[in-house]
Amino acid sequence: MALKHILGVDHVVVAARDLARAARDWEALGFTVSPRGLHSPILGTANHTIMLGEDYVELLSPVAETEQNQPTRDFLAAGEGIERIAFTTDDAEAGAAEISARGFPAIGPIHFGRPVPLPGGGEAEARFSVFRWPLSERPGATRIFACQHRTREVVWLPELQAHANGAVALRRIEILSADPAAAAAHLARLTDQAAVQEGDAWRVASGPNRADFVFYDAQGLAARYPAAAREGARAEGVVALAIASRDLDAAAAASGAIHHGEAATVPAGRAAGVIVSFVAA
């Protein structure tokens with residue numbers, strides 16, 4: 001029986017060594033970046049968000065050493081990039097119970113918050129409940145977890161969803177793996193989805209109207225992106241994001257992207273280790 005409380009990709013977490021620099025870099029690509037947020041002490045992290053329609057990109061850095069952010073600190077020791085992927089859950093307690101019943105003992109839920117500056121002054125508290133799949137379950141060298149937004153209205157602020165590059169949604173999360181078939185099958189088991197072969201790649205859907213996961217090997221990466229775009233990308237794990245834009249010309253103009261095929265792509269070295277590829281919405 002399919003998971004009832006996992007609704008598709010919610011956001012991607014870009015781990016950055018220098019959070020302020022990462023925010024400037026993504027702003028330079030035509031994204032509207034939120035003010036800096038500080039998570040609860042249990043997490044020991046700070047962030048900026050790039051809000052889209054139903055999903056978003058989170059730029060994140062540790063600010064204090066905690067048990068919760070040890071995996072992020074370990075990841076950053078090898079370089080920046082997308083460290084983990086969040087799924088939306090409508091009920092963190094029920095979602096954690098679901099995956100535990102399927103043999104993947106959930107970590108959490110844990111509950112935390114962060115302040116959000118509001119238009120015109122003042123601030124509100126954004127509150128979340130999250131749980132993780134076991135840390136040993138890392139399909140394609142990528143951690144996954146689930147997030148319940150308890151105060152969605154103070155996270156998806158309209159002024160944060162307007163981007164000069166026309167970005168509106170995450171379309172694909174692209175993962176580099178030495179064995180893409182096995183990595184895709186692994187994620188499919190964890191999320192009760194199907195792994196489908198498409199040419200040299202394997203695709204796993206995350207949920208209706210949410211981003212898909214696409215797994216390929218080094219040859220597949222080279223076939224998709226020119227060498228200039230691949231420079232600065234990690235050797236495994238999530239290497240690229242395909243982001244839907246309402247206006248590819250605006251995306252290219254705002255970001256200085258490289259045109260290739262039907263996409264406009266920003267090199268990983270300009271986006272905290274992430275290849276950012278704009279595709280038509």
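A cavity is a set of points, on a 1 Å grid over the protein atoms alone, where a 1.4 Å probe fits but cannot get out, and the residues that line a cavity have an atom within 4 Å of a point. The volume of a cavity is the space filled by probe spheres set on the points, which are joined across faces, edges and corners.

The model is predicted, so that local features need pLDDT of at least 70 and side-chain atom pairs count only at pLDDT 80 or more, while totals for chains, interfaces and linings use all residues. Residues are numbered from 1 along each chain as its sequence is written, and side-chain values use heavy atoms, with hydrogens and water left out.

A search of the whole structure finds two cavities of 30 Å³ or more, and the largest of them holds about 250 Å³ of space. This cavity is lined by 20 residues, of which Leu43, Glu58, Arg84, Phe112 and Phe145 are the closest to its centre. At least two lining residues come from each of several strands (DSSP runs of E, at least two residues, numbered from the N terminus), namely E3 (45–51), E4 (56–62), E6 (107–117), E7 (123–132) and E8 (143–149). The lining comprises nine nonpolar, seven polar and four charged residues, where Ala, Val, Leu, Ile, Met, Phe, Trp, Tyr, Cys and Pro count as nonpolar, Asp, Glu, Lys and Arg as charged, and the others, Gly among them, as polar.

The second largest cavity has a volume of about 40 Å³, and its lining is made up of Gln68, Ile107, Gly108, Ile110, Val130 and Arg132. Strand E6 gives the largest share of this lining, three residues, and by class the lining divides into three nonpolar, two polar and one charged.

How values were computed. On a 1 Å grid over the protein atoms alone, a cavity is a set of points where a 1.4 Å probe fits but cannot get out, and a pocket is an open set with protein on both sides within 12 Å along at least five of seven lines; lining residues have an atom within 4 Å of a point. Helices (H or I, at least four residues) and strands (E, at least two) are DSSP runs, numbered from the N terminus.
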